[in-house]
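Student: Could you take me through one part of this structure closely, the surroundings of a long-lived favourite topic of mine, helix packing and enclosed space?

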Amino acid sequence: MNLPSPGDHVKSRRLRSAVVLGVLLLVLLALPFVLPSFYLFVATRILALGLFATAFNIVFGFGGMPSLGHAAFFGLGAYVVGIASTRSDLPFVVIVVLTLVAGTALGVVFGLFNLRAKGIYLLLLTLALAQAAYGLAFQQVELTGGDNGISGITREGVPIPGSASAFYWLALAMVVVSLSLMWAFMRSPVGMAITGLRESESRLAATGYRVGSYRVYAFAVSGAFSAVAGLLDAYLLGSASPSNMAFLLSAEVMVFAILGGAAFFFGPFLGAAVILSLELYVSTLTSRWTFVLGIVYVLTALFMSDGILGRIAYLRRRARRKTAESPTRAAAGETDVAVPADTDDLVEERHT
Amino acid sequence: MSKRRATRPLVALTAATLALAGCGSQAPSSGGVSADSGSGSAQEGANGSLTVGLLNPLTGPFAALGEDVNAGFELYLDSKGGQLSDYGINVVKEDPANDPGVATTKARQLVQQEGAGIVIGLVNSGVAYAVAPYLESAGVPLMITVAGADGLTRTKGGNLFRVSYTGSQDTMPAGDYVCKELGLKTAAIVGLDYSFGWEASGGFARTYEDAGCKVVQELYAPLATQDWAPYVTQINRDADVVFAVTPGSDAVRFLKAYRGFGLDTPIFAQGSTTDEQLLPTMGETADGVMSSLHYSPVIDNPANKTFVDAWTEKYDRSTNQYAEDGWAAAQALEAALSDVKGEPTGDGITNAMRNVSIDAPRGALRFDEYGQAIYDVYMRKVTKQDGKWVNKVVDTVPAVNQFYTYDVDEYLQFPPYDKLKGTWAK
């Protein structure tokens with residue numbers, strides 16, 4: 001058989017990924033010209049929550065730490081905007097920096113609390129921390145407006161404040177930059193070590209890594225970008241409220257990640273887009289929309305626990321294998337275990 | 001795993017989603033949860049038509065309230081054959097899902113996609129605060145039917161109107177009444193620990209103390225407190241009256257604990273604590289509880305008779321303030337539309353709304369210059385009537401506005417109630 005050399009394969013794969021990403025970016029850039037204003041609003045919201053889901057996945061999908069408290073970071077970002085923009089006239093850039101600093105700091109706190117906790121204990125600890133943050137937001141009325149939240153957040157400080165399209169492009173730019181940074185981070189030695197946390201923490205520790213510090217790094221980076229997502233959402237909605245910090249949001253972002261495919265970099269983003277669209281569509285059709293979404297979640301958990309991208313990668317592998325099928329392989333008994341290296345860059349499963 | 005087995009779940013998932021989405025679908029192209037009345041074809045009246053966006057919760061903790069508001073609105077609309085002042089009314093319902101993010105999205109959907117000319121609804125004040133600025137900027141009037149935060153109606157000449165109460169509006173007359181008419185000189189306040197609890201308690205405490213009586217204790221419990229025993233046992237037994245602001249399911253548990261511990265201090269409550277949605281559940285425990293509210297199903301006037309008859313015929317249960325809020329909102333809209341000439345624009349409806357004066361089931365209703373309703377407030381007592389527990393009207397305070405008897409400018413200088421919380425008993 002005339003097989004291409006491995007080098008060619010990698011090159012063509014990279015090229016294809018670059019082309020796909022480039023086309024996708026062009027489409028996203030052109031959206032304001034074709035979408036009615038309402039759908040542009042929804043698209044901007046998907047960008048913000050997609051960024052949130054991607055940031056969350058650093059801890060969840062890559063670090064293997066099931067955090068149920070990520071709404072705290074998102075809400076923190078929203079409140080930084082709410083407080084800074086209604087009580088001061090700080091420039092936008094300063095607010096972004098403040099958000100990043102606040103998100104990182106809270107991430108460090110989360111990380112330090114979770115130096116050793118694993119699995120269900122980590123889940124409970126992060127939930128408790130987030131509930132504490134929620135309680136603060138609810139009770140510190142002077143600062144946060146209590147259960148009424150902070151409303152009337154204007155985009156005055158934002159570059160080109162008036163137009164919805166301009167804000168969409170700003171959000172798109174911030175999301176693209178954030179995703180690129182996270183992508184690069186996950187491929188850095190620190191990012192690799194974070195993935196190592198998921199694969200085998202004990203082996204990582206045995207090779208001399210200080211596993212605790214990588215947990216803190218993961219939470220810090222994830223927290224910083226989650227806060228940026230909260231910032232975008234607050235500017236978009238014009239309000240910040242305790243529901244930005246609520247348990248429901250923490251659970252929802254986990255569903256985004258799982259439905260899209262938590263083992264993939266772009267899985268959570270896709271999950272956020274799918275669920276937000278579905279939510280909008282179904283709730284317009286019927287008041288029993290929570291029921292429909294519930295069914296989707298259950299079916300996902302039962303039949304698609306590796307998410308949409310996981311399913312696509314799996315089907316692709318099957319197709320590829322079928323074309324290259326030889327009697328010896330069949331005899332050797334093929335397995336259906338996820339084979340990471342064999343997938344496209346876009347749906348890359350493990351950062352090898 | 002064979003290929004067939006691998007694809008089956010995907011197919012099942014897709015099919016199930018589509019099937020379920022299809023279940024609720026009635027008119028996908030027109031969008032919106034279709035109204036019971038007049039769904040399908042667009043209503044066209046002699047003067048034109050108007051799309052009304054009902055933005056009330058259909059899921060979550062406030063679903064029962066939201067559904068009653070919607071039902072009240074649609075009942076009035078039905079009784080007028082789907083037209084208000086010869087404008088055909090197309091109702092589109094969306095669910096704010098008790099979340100400011102979803103609610104803001106839904107408000108935009110109503111206005112930008114469904115072409116709503118007015119948005120009516122909102123239960124959660126946090127959601128109302130988030131949604132109001134958008135509707136203001138879009139020039140679409142907003143009529144609030146439940147959300148009670150005082151601060152929502154503090155801007156003159158806006159496009160926001162509210163037929164329901166502000167947190168303190170219905171309790172301010174109560175402070176006066178309990179001190180002067182009932183002669184109960186010391187009060188212990190039991191409230192829920194969030195804005196509405198502070199505002200309702202604060203309104204009572206302000207007038208109660210200004211009338212010369214004394215608040216001796218303030219207790220605040222978190223929303224959805226399961227065990228009321230620790231709070232009930234703390235209540236100062238020397239107080240002449242317990243003033244309670246415990247709406248919703250908290251009311252049921254509070255009263256149960258209160259009776260269970262054998263407290264016999266009379267209770268005066270903010271009216272939502274003895275709401276008709278709760279009375280059948282509370283039963284004996286609510287016996288004799290007094291409260292103040294702008295509505296009771298047993299008010300004796302022709303408008304209320306029409307409303308109660310229409311409601312009980314359709315739903316076979318008591319009316320309540322939420323259903324009346326919806327009904328009154330429809331009446332107010334009808335009155336406003338009768339003043340609008342031609343195309344019902346946002347500005348046109350807003351301007352007409354300012355001069356609205358109607359005979360609602362609750363009695364006379366009009367709006368102040370801040371958009372807040374002025375109405376009679378009733379002093380009520382839970383009594384058994386024909387085998388059913390009702391809020392019997394024992395006294396009426398006419399034409400109560402959101403500032404009660406205080407001078408507006410003076411009132412607006414007062415610190416907000418969240419800052420005053422905890423200071424009344426000192």
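Tutor: Gladly! Axes here are lines fitted to C-alpha atoms, for helices over the stretch in contact, and angles run from 0 to 180 degrees between N-to-C directions. Helices (H or I, at least four residues) and strands (E, at least two) are DSSP runs, numbered from the N terminus. This is a predicted model, in which local features need pLDDT of at least 70 and side-chain atom pairs count only at pLDDT 80 or more, while totals for chains, interfaces and linings use all residues. Residues are numbered from 1 along each chain as its sequence is written, chains are lettered from A and ligands numbered from 1 in the order in which they are written, and side-chain values use heavy atoms, leaving out hydrogens and water.

Let us start with helix α2 (residues 37-62) of chain A, whose axis comes within 7 Å of that of helix α10 (residues 211-237) of chain A, crossing at roughly 170 degrees. α2(A) and α10(A) are therefore roughly antiparallel (angles over 145 degrees count as such, under 35 as roughly parallel, 65 to 115 as roughly perpendicular and the rest as oblique). Their crossing is left-handed (the near helix is turned anticlockwise from the far one by less than a right angle; clockwise would be right-handed). In contact (heavy atoms within 4.5 Å) are residues including Phe41(A), Arg45(A) and Phe52(A) of α2(A) with, among others, Phe219(A), Phe225(A) and Asp233(A) of α10(A). The contact residues divide into 17 nonpolar, three polar and two charged (Ala, Val, Leu, Ile, Met, Phe, Trp, Tyr, Cys and Pro count as nonpolar, Asp, Glu, Lys and Arg as charged, and the others, Gly among them, as polar).

α2(A) also packs on α3(B), at about 160 degrees with the axes 9 Å apart, so these two are roughly antiparallel as well. The crossing of α2(A) and α3(B) is left-handed. Among the residues making this contact are Phe41(A), Val42(A) and Arg45(A) from α2(A), and Val102(B), Thr105(B) and Arg108(B) from α3(B). Here the division is five nonpolar, seven polar and two charged.

Now for the enclosed space. A cavity is a set of points on a 1 Å grid over the protein atoms alone where a 1.4 Å probe fits but cannot get out, and lining residues have an atom within 4 Å of a point. There are four cavities of 30 Å³ or more, and the largest holds about 160 Å³ (grid points are joined across faces, edges and corners, and a volume is the space filled by probe spheres set on the points). Its lining includes Val42(A), Arg45(A), Glu279(A), Ser283(A), Trp289(A), Val102(B) and Thr105(B). α2 and α12 (267-285) of chain A and α3 (100-113) of chain B each give two or more residues, with the largest share, four, from α12(A). The lining divides into six nonpolar, two polar and three charged residues.

Finally, α12(A) packs against helix α13 (residues 289-303) of chain A at about 145 degrees, axes 9 Å apart, in a right-handed crossing. Glu279(A) and Ser283(A) of α12(A) and Trp289(A) of α13(A) are among the residues that meet there.

Definitions and conventions
1 Å grid on protein atoms, 1.4 Å probe; cavity = no way out; pocket = protein on both sides within 12 Å on 5 of 7 lines; lining within 4 Å.
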